[in-house]
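Biologist: Please take one part of this protein and walk me through it closely. I am new to this, so keep the steps short.

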Amino acid sequence: SIALTVWGVGIWVGMSEKCQGELGGKYEDLLLLFQINVVLLSVQAVFILSLVLCGALLLGWMMTTLSDADEARRRMTGDAGGPYDPVSGGGSSEEAGASASA
């Protein structure tokens, strides 16, 4: 829909006065419908883009908040993390090698 918005605005802006005059004379309703459609698509495109940006900001805020909360919980409990913890790595590589060779 954003591509259609850009295309519609491009057509509207690129339309010469002569072309607009002829379309307005023969197909006045069609020209008006086209202009209304371009305006509505522009409003929709702005809404979609703002929704996507707000979603990205919310996701970034949630990631930093959850990460900070997890770090604070570890400091308070003294938890070093589990075997699948990306921060602590879940143990040393020597332990993994010793268990694999046994």
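**A close look at helix α3**

Modeller: Of the 102 residues in this protein, 10% count as buried. Keep in mind that the model is predicted. The protein has four helices and zero strands. Along the sequence, the pattern reads α-α-α-α. The accessible surface comes to about 8200 Å², and carbon and sulfur atoms hold 70% of that surface. Now count the contacts with a separation of 6 or more: residues 24 or more positions apart account for 44% of them.

Let us go to helix α3, which covers residues 28–77. Start with its partner, helix α2, at residues 17–26. The two helices pack at an angle of about 120 degrees, and their axes lie 5 Å apart. From α2, the contact uses Q20, L23, G24 and K26. From α3, E28, L31 and Q35 take part. Sorted by kind, the residues of this contact are two nonpolar, three polar and two charged.

Stay with Q35, one of the α3 residues in that contact. Is Q35 buried or exposed? Its relative accessibility is 19%, and buried means under 20%, so Q35 counts as buried. Which residues does Q35 touch, apart from neighbours within four places in sequence? They are W12 and Q20. Q20 belongs to α2 and is part of the packing with α3.

W12 leads us on to F34, another residue of helix α3. Leaving aside neighbours within four places, F34 is in contact with G8, I11, W12 and M15. Take the pair F34 and W12: they are 22 residues apart in sequence. In space, their C-alpha atoms are 8.8 Å apart. How does F34 score for exposure? Its relative accessible area is 24%, and the partly exposed class runs between 20% and 50%, so F34 is partly exposed.

Now move along the helix to W61, which also sits in α3. W61 has 53% relative accessibility, and exposed means over 50%, so W61 counts as exposed. Which residues join W61 in a nonpolar patch on the surface? They are L58, M62 and L66. Together, the four residues of the patch have about 440 Å² of accessible area.

Put the three residues side by side. Q35 is buried at 19%, F34 is partly exposed at 24%, and W61 is exposed at 53%. Each of them has its place in helix α3.

Terms used: Residues are numbered from 1 along each chain as its sequence is written. This is a predicted model: local features need pLDDT of at least 70, side-chain atom pairs count only at pLDDT 80 or more; totals for chains, interfaces and linings use all residues. Side-chain values use heavy atoms; hydrogens and water are left out. Patches are made of residues with over 30% relative accessible area and no salt bridge: like charges are joined within 9 Å, nonpolar side chains (Val, Leu, Ile, Met, Phe, Trp, Tyr) within 5 Å. Accessible areas come from the Shrake-Rupley method with a 1.4 Å probe; for residues, only the protein chains shown count as cover. A salt bridge is a side-chain nitrogen of Lys or Arg within 4 Å of a carboxyl oxygen of Asp or Glu. Buried means under 20% relative accessible area, exposed over 50%, partly exposed in between (1.4 Å probe, protein chains only). Contact means heavy atoms within 4.5 Å. Axes are lines fitted to C-alpha atoms, for helices over the stretch in contact, and angles run from 0 to 180 degrees between N-to-C directions. Ala, Val, Leu, Ile, Met, Phe, Trp, Tyr, Cys and Pro count as nonpolar, Asp, Glu, Lys and Arg as charged, and the others, Gly among them, as polar.
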